[in-house]
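Visitor: I am new to this structure. Please take me through it and explain why things are called what they are called.

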Amino acid sequence: MHDQIASTYEAAFLNLNKAAEYLGISPNTLYVWRHRRQGPPSFRMGRRVMYRISALDEWVIAQEQADSRSNVALNPLNQKPMKRVVRTP
């Protein structure tokens, strides 16, 4: 029973180093993002900083959707040009 709970814990959460590896970035980058309150959501479990794998996946998807190269709706080349505003002094 204890082994099953431990394997569930390992599958659901990653520490900072393993989360950085999962995302393909350096642990220092993830640490800085956490310090600046950027990047994927994290929390403390005792003294350890942990990341929920599902939250990492959701964060990556949100990053893709916010990037105009991945989201066709945000591509500025697909939008009509804006009209110029003539300012008079």
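Guide: Helices here are DSSP runs of H or I with at least four residues, strands are runs of E with at least two, and both are numbered from the N terminus. With that in hand, Arg37 can be placed in the loop between helix 3 (27-35) and strand 2. Note also that this is a predicted model.

Visitor: How many helices and strands are there in the chain?

Guide: The chain has 4 helices and 3 strands. Read from the N terminus, the order of the elements is α-β-α-α-β-β-α.

Visitor: What is the confidence of the prediction, as pLDDT, for the chain and its elements?

Guide: The mean pLDDT of the chain is 83, and 81% of the residues reach at least 70. Helix 1 (residues 2-12) has the lowest mean among the elements, 56, while helix 2 has the highest, 96. The scale of pLDDT runs from 0 to 100.

Visitor: Back to Arg37. What stands out about its phi?

Guide: Arg37 is not a glycine, yet its phi is positive, about 60 degrees. Most residues other than glycine have a negative phi.

Visitor: Why is Arg37 called buried, partly exposed or exposed?

Guide: Exposed means over 50% relative accessible area. Arg37 has 79%, so it counts as exposed.

Visitor: What makes the strands a sheet, and in which order do they lie?

Guide: Two strands pair if DSSP finds at least two bridges between them. Strand 1 and strand 3 are joined by 3 bridges and run antiparallel, so they meet that condition. One residue to look for is Asn15, which stands opposite Met50 in strand 3. Taken together, 3 strands form an open sheet with the order 1-3-2 and antiparallel pairing.

Visitor: Which strands are called edge strands, and why?

Guide: Strand 1 (13-15) and strand 2 (43-45) are the edge strands, because each of them pairs on one side only. Neighbouring strands in this sheet are turned against each other by 50 degrees on average, direction ignored.

Visitor: Where does helix 2 lie relative to the strands?

Guide: Helix 2 lies across strand 1 and strand 3, at about 105 degrees to strand 1.

Visitor: What makes a group of residues a nonpolar core, and which residues form the largest one?

Guide: The residues must be buried, of a nonpolar or aromatic type such as Ala, Val, Leu, Ile or Tyr, and joined through side-chain atoms within 4.5 Å. The largest such core has 9 residues: Leu14, Leu16, Ala19, Ala20, Leu30, Val49, Tyr51, Ile53 and Leu56. Helix 2 (16-23), strand 3 (48-52) and helix 4 (53-66) each supply at least two of them. Helix 2 gives the most, 3 residues. Leaving aside residues up to four places away in sequence, Ala19 touches Leu14, Leu30, Tyr51 and Leu56.

Visitor: How do you know whether Tyr22 is buried or partly exposed?

Guide: Tyr22 sits in helix 2. Its relative accessibility is 41%, between the cut-offs of 20% and 50%, so Tyr22 is partly exposed. Tyr22 touches Leu14, Ile53, Leu56 and Asp57, again not counting residues up to four places away. Tyr22 and Ile53 are 31 residues apart in sequence and 8.9 Å apart in space, C-alpha to C-alpha.

Visitor: How many aromatic pairs are there?

Guide: The search of the whole structure finds 2 aromatic pairs. One of them is formed by Phe13 and Phe43, with 5.7 Å centre to centre and 75 degrees between the planes. Centres within 6.5 Å make a pair and planes over 60 degrees apart make it edge-to-face, so this pair is edge-to-face. Phe13 lies in strand 1 and Phe43 in strand 2, so the pair ties together parts 30 residues apart in sequence. At 16%, under the 20% cut-off, Phe13 is buried, whereas Phe43, at 29%, is partly exposed.

Visitor: Why is the pair of Trp33 and Trp59 given the name it has?

Guide: The ring centres of Trp33 and Trp59 are 5.5 Å apart and the planes make 50 degrees. That angle is neither under 30 nor over 60 degrees, so the pair is called tilted. Trp33 belongs to helix 3 and Trp59 to helix 4, so the pair ties together parts 26 residues apart in sequence. Trp33 is partly exposed at 23%, and Trp59 is buried at 19%.

Notes. Residues are numbered from 1 along each chain as its sequence is written. This is a predicted model: local features need pLDDT of at least 70, side-chain atom pairs count only at pLDDT 80 or more; totals for chains, interfaces and linings use all residues. Side-chain values use heavy atoms; hydrogens and water are left out. Buried means under 20% relative accessible area, exposed over 50%, partly exposed in between (1.4 Å probe, protein chains only). Contact means heavy atoms within 4.5 Å. Axes are lines fitted to C-alpha atoms, for helices over the stretch in contact, and angles run from 0 to 180 degrees between N-to-C directions. Rings of Phe, Tyr and Trp (its six-membered ring) pair if their centres lie within 6.5 Å; planes under 30 degrees apart count as stacked, over 60 as edge-to-face and the rest as tilted.
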